[in-house]
Amino acid sequence: MALTLHDIKPIGLCITTEELFDTRRFILNYCDGLILRGNDVNLANELTKIKREMNAFRTQNKFLEGYKAIITCNIDKILGLVASRYFKVEPNRVDKIIMDGKTLVKKIINTKGFEEMPVLEAEFKSKITLPIYELFITELKKANITVI
């Protein structure tokens, strides 16, 4: 049996979402990977404006609300995938993950600033990512796919 992108989607979303909890790095390094260092001056100027607004106290809150919306949407997708894939096999574990995910979403919604978000990363990792990874590995083993 082959492993597909569809199979790893819950894990991929967990990893991506986990990265988003490091808000300090996100804000400081916004588009610094390639785009702002590239030759496209017009694009770089537009992105620099966004980066300045994101770092400005008076406009930062609008970015925080969008950021929270993205993280909660990702968690919702993760929970949906986990429920549809693993509920029949491990209903108690899936129920726990879903309950923990909903609790975490409430905490995210109630954050008042970017600085509160990194504190939630450990909870996301321990209560969402790692249990889902364990379910994923269990399924791979059942399908006789070698796990490294």
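Hi everyone, let's start with Phe-21: at 0% relative accessibility, this residue counts as buried. Before I go on, please keep in mind that this is a predicted model.

So what does Phe-21 pair with? The ring of Phe-21 has its centre 5.3 Å from that of Phe-124, and with the planes at 35° the pair is tilted. This pair links distant parts of the chain, since Phe-21 sits in the loop between α1 and α2 while Phe-124 belongs to helix α6, 103 residues apart. Phe-124 is buried too, with a relative accessibility of 0%.

How many aromatic pairs are there? The count is three. Another of them joins Tyr-67 and Phe-114, and this one is edge-to-face, with 5.3 Å from centre to centre and 70° between the planes. Here again distant parts of the chain are linked: Tyr-67 is in helix α4, residues 60-86, and Phe-114 is in the loop between α5 and α6, 47 residues away. Both of these residues are buried. Add Phe-26, and you have one aromatic cluster made of Phe-26, Tyr-67 and Phe-114.

Now let's return to helix α6, which covers residues 121-142 and holds Thr-129. Is Thr-129 buried or exposed? At 12% relative accessibility, Thr-129 falls under the 20% cut-off, so it counts as buried. Setting aside neighbours within four places in sequence, Thr-129 is in contact with Cys-14, Glu-18 and Phe-124.

Cys-14 brings me to the cysteines. How many disulfides do we have here? The count is zero. For Cys-14, the nearest cysteine sulfur is that of Cys-73, and it is 14 Å away. The two cysteines sit in contrasting surroundings: Cys-14 is buried at 0% relative accessibility, whereas Cys-73 is partly exposed at 38%.

Next, the charged residues. The structure holds 10 salt bridges. One of them is between Arg-25 and Glu-19, whose closest N and O atoms are 2.3 Å apart. Arg-25 is partly exposed at 38% relative accessibility, and Glu-19 is partly exposed at 46%.

Two other bridges sit within helices. In helix α3, residues 41-55, Glu-46 and Lys-49 lie three residues apart, about one turn of the helix. Their salt bridge has its closest N and O atoms 3.4 Å apart. In helix α6, Glu-139 and Lys-142 are likewise three residues apart, so about one helical turn separates them. Their side chains meet in a salt bridge of 4.0 Å, N to O. Of these partners, Glu-139 is partly exposed at 27%, while Lys-142 is exposed at 53%. Salt bridges with shared partners also join Glu-19, Asp-22 and Arg-25 into one network.

Where is Asp-22? You'll find Asp-22 in the loop between α1 and α2, partly exposed at 25% relative accessibility. If you have the structure open, look across from there to Pro-118: Asp-22 and Pro-118 are 96 residues apart in sequence, yet 5.3 Å apart in space, C-alpha to C-alpha.

Finally, a quick look at the surface. Leu-3, Leu-5 and Ile-8 form a nonpolar patch there, with about 290 Å² of accessible area together. Leu-3 comes from the segment before α1, and with a relative accessible area of 44% it is partly exposed.

That's my tour, thanks for listening!

Note on methods. Residues numbered from 1 in each chain as written. Predicted model: local features only at pLDDT ≥ 70, side-chain atom pairs only at ≥ 80, totals over all residues. Heavy atoms only, no water. Helix = DSSP H or I, 4+ residues; strand = E, 2+ residues; numbered from the N terminus. Buried < 20%, exposed > 50% of the residue type's maximum accessible area, 1.4 Å probe, protein only. Contact = heavy atoms within 4.5 Å. Disulfide = S-S within 2.5 Å. Patch = residues over 30% accessible without salt bridge, like charges linked within 9 Å, V, L, I, M, F, W, Y side chains within 5 Å. Areas by Shrake-Rupley, 256 points an atom, 1.4 Å probe, with all protein chains shown as cover. Phe/Tyr/Trp six-rings, centres within 6.5 Å; stacked < 30°, edge-to-face > 60°.
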